[in-house]
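Subject: Structure handover, with notes on the sheet and the voids

Dear colleague,

Please find the structure below, followed by my notes on it.

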Amino acid sequence: MPTPILVIGSSSFLAKEFILSFSHYFTIYTASRRPGSGLLIDLSNYSYLPELCFPQFPEFAIIFASEVSTSYCEKNPSASFQVNCRATCKLVSDLNAVGIKCIFPSSTAVFNHQALCNSEISLAEPSCVYGHQKLFVEKQILQNPFNGVIRFTKVFSLKSRLLHSWRTQLLQNCPIDAFDDLHVAPLHPEFVVDYFRQMILNPQTGVFHLSPSAHLTYFQMALRLSQVLNVSKDLVRPVSSFVKLSPDAYRPQKAFLDVKKLFSRSIPLELCLDIIFN
C-alpha cells in the first residue's frame, strides 16, 4: 500500500511538482491556507492542528508552507517570524505529537554570506533574517528524532519566473540584464522532489544537503540560456546586483553547499544546467 503523505503548503511551486511527480507513488493528502485545497492550515494564524480525517493516517508531512521572500523577511521580521518560526515549530510539534514524521526544507541562507565552508557539520551563522528564521526552526524541530531537514540551493526551471522572463525577452530579440557579481547554484525541481521521495523511503533524522557541485553567476547562466536558444550572446548585458538589489541583500560568496554526509547529494553543475535548459 502506498505510503500516505501530508503535503503542507500544497499551492507552492515545489509542492505542486512533488504532487505531480509522485501522486501515483504515494497516497498524497494536501493542506493549504487556501480554502478548497484540502486541509485548511494558515501559518499566519495557526493555533492548533485540525482533525486529520483522511482514509489513511499520514506517516510523513512535508512542510512546504513558508514565507520564502528574503526581502519580505528583512522588511517584515515580526510577521515572517510568525509564519516561518513560531507557527511552523508549533505545527511540526503538533504533527509529531500524533505520530507524523516531518521533513523540513531549509536553505543555504543559514550560512553567513562570507562562509566558504558550509557542510552539514559546519557552523551556521546567518547574516540575513530569512537565514536566522530557517536556522531557528532547524534547531527546534531536530530536538525530536522524528524530523529531518534538507538544505538545498535555489530551484530553477524554464517555468520559473526569472528564466521564463529571460527566455521570452531573448526570443523577441530584446536585451536582458543579469548580475555578474552574484553567484547561484541552480537545481532543477526534479532533483529536489526526488530527494524528498528518498527521504520518505529511507527516513533520516538530522541535516542533509542537496546541491550542485559548483556555482556560476547569473550572467553566466543567462549566457547559457542564450546559447541554448541560439540567439546572440550580446543580448545578455552584465549588471551589478548593487544596481537593482538593496545593499543588504543576501550575496553569498559561495552559493553551492559542501556535502559530507553519505545520504546528502552533490550533483554535477553541468548536469543541473543541462536538465534546466533542455
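How many cavities of 30 Å³ or more does a search of the whole structure find? The search finds one, where a cavity is a set of points on a 1 Å grid over the protein atoms alone at which a 1.4 Å probe fits but cannot get out. This is a predicted model, in which local features need pLDDT of at least 70 and side-chain atom pairs count only at pLDDT 80 or more, while totals for chains, interfaces and linings use all residues. Residues are numbered from 1 along each chain as its sequence is written, and side-chain values use heavy atoms, with hydrogens and water left out.

The largest cavity has a volume (the space filled by probe spheres set on the points, which are joined across faces, edges and corners) of about 40 Å³. Its lining residues (those with an atom within 4 Å of a point) are Thr108, Phe111, Asn112, Ala115, Asn118, Tyr250, Pro252 and Lys254.

The second largest pocket (an open set with protein on both sides within 12 Å along at least five of seven lines) has a volume of about 150 Å³, and Arg33, Leu40, Ile41, Asp42, Asn45, Tyr46, Ser47, Tyr48 and Pro50 line it.

Eight strands (DSSP runs of E, at least two residues, numbered from the N terminus) form an open parallel sheet in the order S3-S2-S1-S4-S5-S6-S9-S12, where two strands pair if DSSP finds at least two bridges between them. Strand S3 (39–40) and strand S12 (265–267) each have a single partner strand, so one side of each is left without a neighbour in the sheet. S2 (residues 27–32) is joined to S3 by two bridges, and Ser32 stands opposite Leu40 in S3.

Best regards

How values were computed: Helix = DSSP H or I, 4+ residues; strand = E, 2+ residues; numbered from the N terminus.
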